[in-house]
Amino acid sequence: MKLLDVEIAENKMIANGIYLLSFESDYLANTFKPGNFVNILVEKDSIYPLLRRPFSISFVKENKVFIGYKVVGKGTQILSQKKKGDSINVLGPLGNSFLIDKFNGKVAVVGGGVGIFPLLSLCHELKKAGNKIDVFLGFRSRSDLFFVEEFKELSDNLFISTDDGSIGYKGNTVEVFKTKIEEGNYKVAFSCGPKPMLRFLKSLNLPFKCYVSLEEKMACGIGACLCCSIKGKDGNMLHVCSDGPVFDIMEVEI
Amino acid sequence: MLEVEISGVKLKNPIIAASGTFGFGREFSKLIDLNLFGGISTKGITLKKCAGNPQPRLCEVYGGIINSIGLENPGVEAFVNDELPFLKKFNTKIIANINGFNKEEFIELAKIVSPLVDMIEVNLSCPNIKEGGMAFGKDPNRVYEITKEVKKVSACPVIVKLTPNVTDITELAKAAEKAGADAISLINTVSAMAIDIETRRPLIKMVTGGLSGPAIKPIAVRMVYECFQKVNIPIIGMGGIMNYKDAIEFFLAGATAIQIGTVNFVNPNAVSEIRKGIENYLKAHGFKSVKDLVGNIII
Ligand SMILES: Cc1cc2nc3c(=O)[nH]c(=O)nc-3n(C[C@H](O)[C@H](O)[C@H](O)COP(=O)(O)OP(=O)(O)OC[C@H]3O[C@@H](n4cnc5c(N)ncnc54)[C@H](O)[C@@H]3O)c2cc1C
Ligand SMILES: Cc1cc2nc3c(=O)[nH]c(=O)nc-3n(C[C@H](O)[C@H](O)[C@H](O)COP(=O)(O)O)c2cc1C
Ligand code: FES
């Protein structure tokens, strides 16, 4: 992990309120593993927002790091206004990563909303390792879709769902996943998305391992402030930033 | 030039990492050189391990953050066995921040850790626990009583950390001094609250929490100034220090040393920038040492 001043290479809108930002960093591109995140100081000497903001690294290409994000509040709004050549300070790579292996059988990848961002590089690596992948993505509406072409290329089957039914299945992406569990014969599942979605996933009591990437409000991002604690199965405190963000879904209280 | 002394303990510079914002040092050691600090005040420890408060524990407001960690920590035994040996490798003073839920626990903690560290910081000001902490720390009589008992058993100098959540903080400062405290540190976080107007719920699960960061600096400077008029023991000042200019204000108000907290989350390099800034300021204004600045405000 390092503190880096980087220059924005590109920062463009790719869907309704969704942006993709990139910058060059040999260090991050070489050390990054799927699931890792970075803590970005969107504005130096700012009073509000004061803290850094955590974002997953969506993927890397050569020495370029790509971060997809959704504008939700002041920090992401400021970030969305940054232009090519502007400088931002980045702390990373942070956190643990998804387990990459050749699984003897199919892998399921289930993502919802901004939780989809960290799953793209995961699929890259899973495919590189020789896996067959079914991808389930949930969006709010047709205008919110992003990364669909990329996922199509990496997956064997891609299932899209939207809350309003404007494209794909109408409803929850975990519902769709649930209907495919039997025929899919999956060996493992990976997921990231809003808490209610992950709770639903956990309630399925899957007969195979399921790893999820969690979110909690963070201040330091490195395990020092204890803001991002969650309870483990045995009541022990775990820290999303340093013990996670990726956890075995059965090992944590969601 | 930067060296300061607190009750015989020499700090090579006056910058201390504030308790609760720097873990046990280990976390930041991968990022910055811990030797840069004059001292490190470790995350508040309790006798038994403590899970802390439920989520959400953190929210951001203008110029600061509200937290309600609730003293999550692995307990004194784990601190002594697993954390202290690592910290001891660095050339910086170790200050153990201790937290009891009653007087006996403070005494017990002081007995265990004071022989092993350079100083202890008795936290009589945590706003995020129901018993002990701020509940004790608001009452000058309790401050006196606990300080006195802790002093009796402590093998190292004792700093008493005060809460700003009172009408007159100097009453607490005087009580600590009278009981034999070697120094006082202030301020802990300011009791605060924020509400999400869409959900109409508080942004912190515990409803209220402790405000830190730039928003509390003017309050902290005022309190250091007031205490400096009333006590003769060294004051360690903190609250919203983001850069060297903020630090200088605290020295001028009467602080002998400072602690930096929230800024560590924003800028982990703050310690080296503040150190350099203080040095340059001293040179530019013809001061020989930090000591010349302490309380040197012109009214
Ligand atoms: C490990 C991790 C990885 C993340 N990866 C991505 C990513 O790849 N792309 C992306 O768009 N977002 C990601 N997020 C969420 C992102 O950090 C927040 O959306 C962002 O911090 C909001 O900042 P803001 O100033 O715009 O919003 P604020 O004004 O701070 O808040 C606006 C809203 O966002 C919510 N929010 C704020 N901080 C967080 C947070 N840390 N986690 C969840 N919700 C939050 C608030 O509760 C509020 O409802 C990630 C979060 C974590 C913890
Ligand atoms: C996340 C967090 C945890 C804290 N935990 C402790 C603690 O365990 N013990 C303590 O004495 N103070 C604790 N504090 C208070 C700080 O040490 C400091 O007094 C306060 O944050 C003001 O300084 P700042 O504005 O520079 O952060 C904590 C503060 C924060 C933000
Ligand atoms: S964000 Fe500080 S411990 Fe996780």
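Me: How many salt bridges does the rule find across the interface of chain B and chain A?

Reply: Start from the general idea: side chains of opposite charge can pair when their charged atoms come close. In this predicted model, the rule finds one salt bridge across the interface of chain B and chain A. Its partners are Arg53(A) and Glu60(B), whose side chains meet at 2.8 Å, N to O.

Me: Thanks! And how many residue pairs in polar contact go with the interface of chain B and chain A?

Reply: There the rule finds 13 residue pairs, both residues at pLDDT 80 or more. As for the elements on chain B's side, those giving two or more residues are helix H1 (26-29), strand E5 (58-61), strand E6 (64-67) and helix H9 (263-266) of chain B. E5(B) gives the most, with three residues. By class, that side of chain B divides into 14 nonpolar, eight polar and seven charged residues.

Me: What area is buried between chain B and chain A?

Reply: Buried area is read together with the contact counts. Here 29 residues of chain B are in contact with 28 residues of chain A, and the area buried between the two chains is about 2500 Å², with carbon and sulfur atoms giving 66%. On the chain B side, Leu58(B), Glu60(B) and Phe265(B) lose the most area to chain A, together 26% of what that side buries. You have met Glu60(B) already, as the salt-bridge partner of Arg53(A).

Me: Let me turn to the ligands. Which residues come nearest to ligand 1?

Reply: A ligand site can be read in two steps: who surrounds the ligand, then which polar atoms face it. Of the 19 residues around ligand 1, Arg53(A), Pro54(A), Gly75(A), Thr76(A) and Glu215(A) come nearest. For the second step, a polar side-chain atom of Arg53(A) lies 2.7 Å from an oxygen atom of ligand 1. Backbone atoms take part too: a polar one of Ser56(A) is 2.9 Å from a nitrogen atom of ligand 1, and a backbone N or O atom of Lys70(A) lies 2.8 Å from an oxygen atom of the ligand. So keep an eye on Arg53(A), which has its side chain in the salt bridge with Glu60(B) and a polar side-chain atom by ligand 1.

Me: Why is the site of ligand 2 shared between chains?

Reply: Look at which chains the surrounding residues belong to. Residues from chains A and B surround ligand 2, so its site is shared between them. Of the 24 residues around ligand 2, Ser19(B), Lys161(B), Gly213(B), Gly240(B) and Thr262(B) come nearest. Polar backbone atoms of two of these glycines face oxygen atoms of ligand 2: Gly213(B) at 2.8 Å and Gly240(B) at 2.6 Å. A backbone N or O atom of Gly44(B) also lies 3.2 Å from an oxygen atom of ligand 2.

Me: Now inside chain A. Into which domains is chain A divided?

Reply: The parts are domain 1 (2-94) and domain 2 (106-213). Their centres, taken over C-alpha atoms, are separated by 24 Å. To read the boundary, use the approach you used for the chains: 14 residues of domain 1 of chain A are in contact with 13 of domain 2, and about 1100 Å² is buried between them, 67% of it from carbon and sulfur atoms. In domain 1, Pro34(A), Ser58(A) and Lys70(A) lose the most area to domain 2, together 35% of what that side buries. Lys70(A) also has a backbone N or O atom by ligand 1.

Me: What is the count of salt bridges between domain 1 and domain 2 of chain A?

Reply: That count is zero, while the rule finds three residue pairs in polar contact across this domain interface. On the domain 1 side, strands E1 (2-15), E2 (18-24) and E6 (64-70) of chain A each give two or more residues, and E6(A) has the largest share, three residues. By class, that side has nine nonpolar, four polar and one charged residues.

Me: One last feature: where are cis peptide bonds found, for instance the one that joins Gln55(B) and Pro56(B)?

Reply: Check omega, then place the residue among its elements. For Gln55(B) and Pro56(B), omega is about -10°, and Pro56(B) sits in the loop between strand E4 (39-41) and E5 of chain B. Another cis peptide bond joins Gly244(A) and Pro245(A), with omega about 15°; Pro245(A) is in the loop between strands E15 (237-239) and E16 (246-248) of chain A.

Conventions. Residues numbered from 1 in each chain as written. Chains lettered and ligands numbered in written order. Predicted model: local features only at pLDDT ≥ 70, side-chain atom pairs only at ≥ 80, totals over all residues. Heavy atoms only, no water. Domains from an automatic or database assignment. Contact = heavy atoms within 4.5 Å. Buried area = accessible area lost by both parts, 1.4 Å probe. Salt bridge = Lys/Arg side-chain N within 4 Å of Asp/Glu carboxyl O. Polar contact = N/O pair within 3.5 Å; in protein donor to acceptor, adjacent residues only side chain to side chain. Helix = DSSP H or I, 4+ residues; strand = E, 2+ residues; numbered from the N terminus. Nonpolar A, V, L, I, M, F, W, Y, C, P; charged D, E, K, R; others polar. Near = heavy atom within 4 Å.
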